[in-house]
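Let's take a walk through this structure together, one strand at a time. Have your viewer open and follow along.

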Amino acid sequence: QVQLVESGGGLVQPGGSLRLSCAASGSIFSIDAMGWYRQAPGKQRELVAARASSGSTNYADSVKGRFTISRDNAKNTVLLQMNSLKPEDTAVYYCNARGVHTMIRRNDYWGQGTQVTVSS
């Protein structure tokens, strides 16, 4: 059974920083890509940043230059460093693992979500 466990959310003032972490556990051979999505109240879930096992990255335009995604392929972990946070970054952030290869299948998985609130 594959699980994603997230940590690092919280309340921060505008201009502040937070770091989110996510660890995938289980009998995993490899993961094609790991990343972060977010969903604000009344809005659709959107991609924030993702990093493939090759090292290629993809960022939402709204976070470019402020957020940095990093990944440890060997440990199946992904970090999201968020700087210069804005109130519009407030959302529930979800870790995503796409293309998780185990002995018997290839699947996508989601974490339980962690709240990030940017407010003074």
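Which residues of strand β8 (residues 77-82) lie on the covered face, and which on the uncovered one? The covered face holds Val78, Leu80 and Met82, while Thr77, Leu79 and Gln81 make up the uncovered face. If you expected such a pattern, you have good reason: in a regular strand the side chains alternate between the two faces of the sheet. Please keep in mind as we go that this is a predicted model.

Now look to the partners of this strand. On one hand there is β3, which runs antiparallel to β8 and is joined to it by 6 bridges. Within this pairing, arginine 19 stands opposite glutamine 81 of β8, a residue we met on the uncovered face. On the other hand there is β7, also antiparallel to β8, with 6 bridges between the two. Here aspartate 72 has threonine 77 in β8 as its bridge partner. β7 and β8 together form a hairpin, with 4 residues between the strands. If you like to check backbone torsions, try asparagine 76 in the turn: its phi is positive, about 55°.

Step back along the chain from β7 and you come to the loop between β6 (57-59) and β7 (67-72), where glycine 65 is placed. Is glycine 65 buried or exposed? Its relative accessibility is 83%, so glycine 65 counts as exposed. Its C-alpha atom is 9.7 Å from that of methionine 82, although the two residues are 17 residues apart along the chain. Methionine 82 belongs to the covered face of β8.

Let's return to β3 for the disulfide. A search of the whole structure finds 1, and it joins cysteine 22 to cysteine 95, with an S to S distance of 2.1 Å. The link spans distant parts of the chain: cysteine 22 sits in strand β3 (residues 18-25) and cysteine 95 in strand β9 (residues 91-101), 73 residues apart. Why is this disulfide called left-handed? The torsion about the S-S bond is about -85°, so the disulfide of cysteine 22 and cysteine 95 is left-handed. Both of these cysteines are buried.

Finally, follow the chain onward from β9. Isoleucine 104 lies in the loop between β9 and β10 (106-110), and with 66% relative accessibility isoleucine 104 counts as exposed. Together with Phe29 and Met103, Ile104 makes a nonpolar surface patch of about 430 Å².

Methods: Residues are numbered from 1 along each chain as its sequence is written. This is a predicted model: local features need pLDDT of at least 70, side-chain atom pairs count only at pLDDT 80 or more; totals for chains, interfaces and linings use all residues. Side-chain values use heavy atoms; hydrogens and water are left out. A disulfide is a pair of cysteine sulfur atoms within 2.5 Å. Buried means under 20% relative accessible area, exposed over 50%, partly exposed in between (1.4 Å probe, protein chains only). Patches are made of residues with over 30% relative accessible area and no salt bridge: like charges are joined within 9 Å, nonpolar side chains (Val, Leu, Ile, Met, Phe, Trp, Tyr) within 5 Å. Accessible areas come from the Shrake-Rupley method with a 1.4 Å probe; for residues, only the protein chains shown count as cover. A salt bridge is a side-chain nitrogen of Lys or Arg within 4 Å of a carboxyl oxygen of Asp or Glu. Two strands pair if DSSP finds at least two bridges between them.
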